[in-house]
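Hello,

Here is the structure I said I would pass on. Please open it first, then read the notes below.

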Amino acid sequence: MVKTYSVAVLKGDDIGPEVIEATIKVLEATLEKSNFKLNFLYGEAGYHCIAQYGTNLPKETLELIKKTSACLKGPMTTPEEPGAPVSVAVTLRKIFNLYANVRPCRSFPNVEALKPNLDFVIVRENTEGLYSGAESLLAPGVGVALRIITREASLKIANFAFKLASQRRKHLTYVHKSNILRITDGIFKDAVKEAQQKYPDVTVDDMYIDATTMQLIKKPEMFDVIVTTNLFGDILSDEGAQVTGGLGLAAGANIGETYGMFEPVHGSAPKYTGLHRVNPIATIMAGSMMLYYLGEKGASTKIEDAVISVLAEGKVRTVDIGGSASTDEMANAVAVRIKAA
Ligand code: NAD
């Protein structure tokens with residue numbers, strides 16, 4: 001019997017539907033010569049749902065997600081008003097305990113990057129830190145936000161990052177600000193050191209967040225796997241994306257014990273809505289990471305190879321990487337390459 005995976009698809013807001021539809025086209029091309037199927041279950045989520053449902057994650061969508069093995073999520077606009085629902089990504093990460101946010105940063109052929117041949121991965125703790133959302137007003141004009149760091153979550157992310165480093169170039173940099181945040185980042189540091197005992201073959205660097213933002217520009221080739229807390233990881237991964245070619249190419253995975261959610265690193269880029277000019281590669285690569293997570297490594301590599309081959313040829317390029325191709329033209333070029341493989 002042909003193996004079938006149910007996948008939740010959330011198109012999201014603004015440019016979300018454009019990049020998700022482009023990715024579905026590529027996934028469908030991949031399925032043509034594969035011995036598995038994907039059953040796409042579409043759910044409504046995002047800012048545009050709030051007026052109708054009073055929430056950005058309707059309960060029907062949550063029920064639908066629970067029936068699937070993975071989720072392909074488009075970018076969504078985050079409501080900012082006090083009392084508004086929190087980001088859908090943050091909610092899903094908490095509900096499914098998607099504790100590891102994995103954001104590969106690599107350079108691609110014919111795409112301007114700070115240096116050639118870059119290949120590092122940012123592993124961000126995804127469930128606590130300043131994303132706990134525990135904020136309050138102490139007095140008018142005086143606010144406080146809780147940065148919750150636990151040994152348990154820090155150990156989990158450290159073990160995840162060491163395992164990944166041991167499968168790559170065996171180098172891990174852990175990033176923190178323990179000279180100022182002595183208690184919280186002290187817990188994070190201790191957890192990394194504890195996890196390190198199991199991976200004696202992995203070389204470890206200890207680095208402050210401010211120094212890391214500088215080294216990412218000065219000497220990005222020094223990094224293999226970077227592990228850090230939630231907000232530092234979020235900021236570093238936009239920098240990592242830009243250093244290696246831009247947000248249009250950067251994909252991310254949110255991994256838990258039993259579920260995975262895959263999305264581009266970028267947001268909903270409202271100013272480009274409906275112009276069909278944004279780069280779908282970030283979301284296409286998220287689709288490739290999803291297939292890898294589902295165990296379909298051959299199909300995942302096929303997508304990656306097709307993206308690299310289209311970029312190397314250089315005929316089809318979206319505006320962000322110096323061309324004039326539309327979102328659809330880029331997706332079609334990748335799909336054609338997959339079918340021809
Ligand atoms: P953004 O990532 O949406 O866009 C910043 C800029 O990056 C864009 O103006 C554009 O120049 C470039 N860019 C982004 N995606 C691109 C693509 N596919 N191709 C080419 N260029 C691309 O960041 P923002 O403007 O700060 O945020 C817009 C909204 O998205 C906000 O509401 C924010 O909260 C939300 N957001 C959501 C997610 C998510 O859903 N996971 C992530 C980040 C931001």
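**Ligand and sheet**

The shell around the ligand holds eight nonpolar, seven polar and four charged residues. Keep in mind that this is a predicted model.

Start with the ligand. It is surrounded by 19 residues. The closest are M76, T78, G267, A269 and N279.

Some side chains offer polar atoms to the ligand. T78 has a side-chain N or O atom 2.7 Å from a ligand oxygen. For K73, a polar side-chain atom lies 3.0 Å from an oxygen atom of the ligand. H266 faces a nitrogen atom of the ligand instead, with a side-chain N or O atom at 3.2 Å. On its own, the ligand has 820 Å² of accessible area, and the protein covers 68% of that.

Now the sheet. It is open and has ten strands, with mixed pairing. The order is β2-β1-β3-β12-β11-β4-β5-β10-β8-β9. At the edges are β2 (36-43) and β9 (203-208), each paired on one side only. On average, neighbouring strands are turned by 25 degrees against each other, direction ignored.

One pairing to look at is β8 (residues 171-176) with β10 (residues 225-228). These strands run parallel and are joined by four bridges. Within β10, T228 stands opposite V175.

Two helices to check against the sheet:

- Helix α1 (residues 16-31) packs on the sheet and touches β1 (3-10), β2 and β3 (70-73). Its direction makes about 160 degrees with that of β2.
- Helix α9 (residues 281-294) also packs on the sheet, touching β1, β2, β3, β4 (100-106), β11 (251-255) and β12 (260-264). Its direction makes about 160 degrees with that of β12.

Best wishes

Terms used: Residues numbered from 1 in each chain as written. Predicted model: local features only at pLDDT ≥ 70, side-chain atom pairs only at ≥ 80, totals over all residues. Heavy atoms only, no water. Near = heavy atom within 4 Å. Polar contact = N/O pair within 3.5 Å; in protein donor to acceptor, adjacent residues only side chain to side chain. Areas by Shrake-Rupley, 256 points an atom, 1.4 Å probe, with all protein chains shown as cover. Nonpolar A, V, L, I, M, F, W, Y, C, P; charged D, E, K, R; others polar. Pairing = 2+ DSSP bridges. Axes fitted to C-alpha atoms, helices over the stretch in contact; angles between N-to-C directions. Contact = heavy atoms within 4.5 Å.
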